[in-house]
Amino acid sequence: MSDFPDLYAFVLRLHPLEGGPPPRPQGHGLQALFLDLVRQVAPEVAEELHADGPGKPYTVAALPQRNRDVVDLRVSLLRADLFQPFVHALLRQMPGAAPLRLGQSALHLGDVIGTPPPQGHPWAGYDSFVALAARAEAAHTVVLEFASATAIGQAARPDGKLRLAILPEPELIFFSLGRRWNELAPAQARLDLDLVRAAAADTLVSRYRAESREINLGKGPQKGFVGTVAYELPVNPEQARLLALLADAALFLGVGIKTARGMGLCRRLPDKETGP
């Protein structure tokens, strides 16, 4: 089985042009910026990515803003063939190129970080489905950071609206990750979702610090939750290994609904970082 990278996570540092309105990094605007960037070099790819459908092979979100003059855009690519057009598009953003648009704001591209720590950024990196599965190890506990509003879609209500769960329950979080993994992973790396469901049912929330959050996607508010959650995994080593794998994959896959529009930004915290 090939372990050539097919998972990528980039942090794009965007700076607003002087004199313009301050940027408002909202969901639809972030997605539009990403698609416009790809469209410059591969319009047919951008059109495919824009099409409605489950299992979008990318995520787009803004990292929590620490400086109002900088927008850190986090993009993950979940298919190997997206890497080349995306990097090509970034290379075209040379000084003097037309600015990128984020709503009413014009921005220019600064640093692009694709390297994980310690040299790079905690929200950047690259890997492959196959390699992640091969390296996964059982753990007693995993801690997930949910950095943007996260919600899990449930069955539709009688009025047709989607029922949303906004609590970090292990059955919802890990099953959502498992389903997303299977939508995008090569056939030889797909998981048994019944095993994922059974493992998640035997998982406990041991610590958490979370709160509900309402995010504006540009076409109305969306409820979710943010925070950090420690999950005590099953004692069965194979079940624990399975969930640890999905926790590692969360950096690329995101969790829940509308991960292409700013929601569900998630990563496993390394053991050395402070838990909740």
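Lys258 is found in the loop between α7 (237-253) and β12 (266-268), and in this predicted model the residue has a positive phi of about 55° although it is not a glycine. With a relative accessibility of 36%, Lys258 counts as partly exposed, because that class lies between the limit for buried residues, under 20%, and the limit for exposed ones, over 50%.

A second backbone feature belongs to another loop. The peptide bond that leads from Pro117 to Pro118 is cis, with omega near 10°, and Pro118 has its place in the loop between β5 and β6 (125-127).

From these loops the reader can turn to the helices, beginning with α1. The axes of helix α1 (residues 27-39) and helix α2 (residues 43-50) come within 7 Å and cross at roughly 150°, which makes α1 roughly antiparallel to α2, since angles over 145 degrees are counted in that way. On the α1 side of this contact stand Phe34, Leu35, Val38 and Arg39, and they meet Pro43, Val45, Ala46, Leu49 and His50 in α2. By residue class, the contact of α1 with α2 divides into 7 nonpolar, 1 polar and 1 charged.

Helix α1 also packs against α3, with another geometry. The axes of α1 and helix α3 (residues 83-91) come within 8 Å and cross at roughly 90°, so that α1 is roughly perpendicular to α3. Here Phe34, Leu37 and Val38 in α1 meet Phe86, Ala89 and Leu90 in α3, and the residues of this contact of α1 with α3 divide into 6 nonpolar, no polar and no charged. Phe34 and Val38 of α1 thus appear in the contact with α2 and again in the contact with α3.

Which residues of α3 are buried? They are Pro85, Phe86, Ala89 and Leu90, and because they cover an arc of only 140° around the axis, they lie on the same side of α3. An α-helix has 3.6 residues a turn, so residues three or four places apart point the same way. On the other side of α3, Gln84 and Leu91 are exposed.

What covers the buried residues of α3 includes β1 (7-16), β3 (71-77) and β5 (105-113) as well as α1. Among the buried residues of α3, Phe86, Ala89 and Leu90 are those that α1 meets through Phe34, Leu37 and Val38.

Notes. Residues numbered from 1 in each chain as written. Predicted model: local features only at pLDDT ≥ 70, side-chain atom pairs only at ≥ 80, totals over all residues. Heavy atoms only, no water. Axes fitted to C-alpha atoms, helices over the stretch in contact; angles between N-to-C directions. Helix = DSSP H or I, 4+ residues; strand = E, 2+ residues; numbered from the N terminus. Parallel < 35°, antiparallel > 145°, perpendicular 65-115°, else oblique. Contact = heavy atoms within 4.5 Å. Nonpolar A, V, L, I, M, F, W, Y, C, P; charged D, E, K, R; others polar. Buried < 20%, exposed > 50% of the residue type's maximum accessible area, 1.4 Å probe, protein only. Arc of directions from axis to C-beta.
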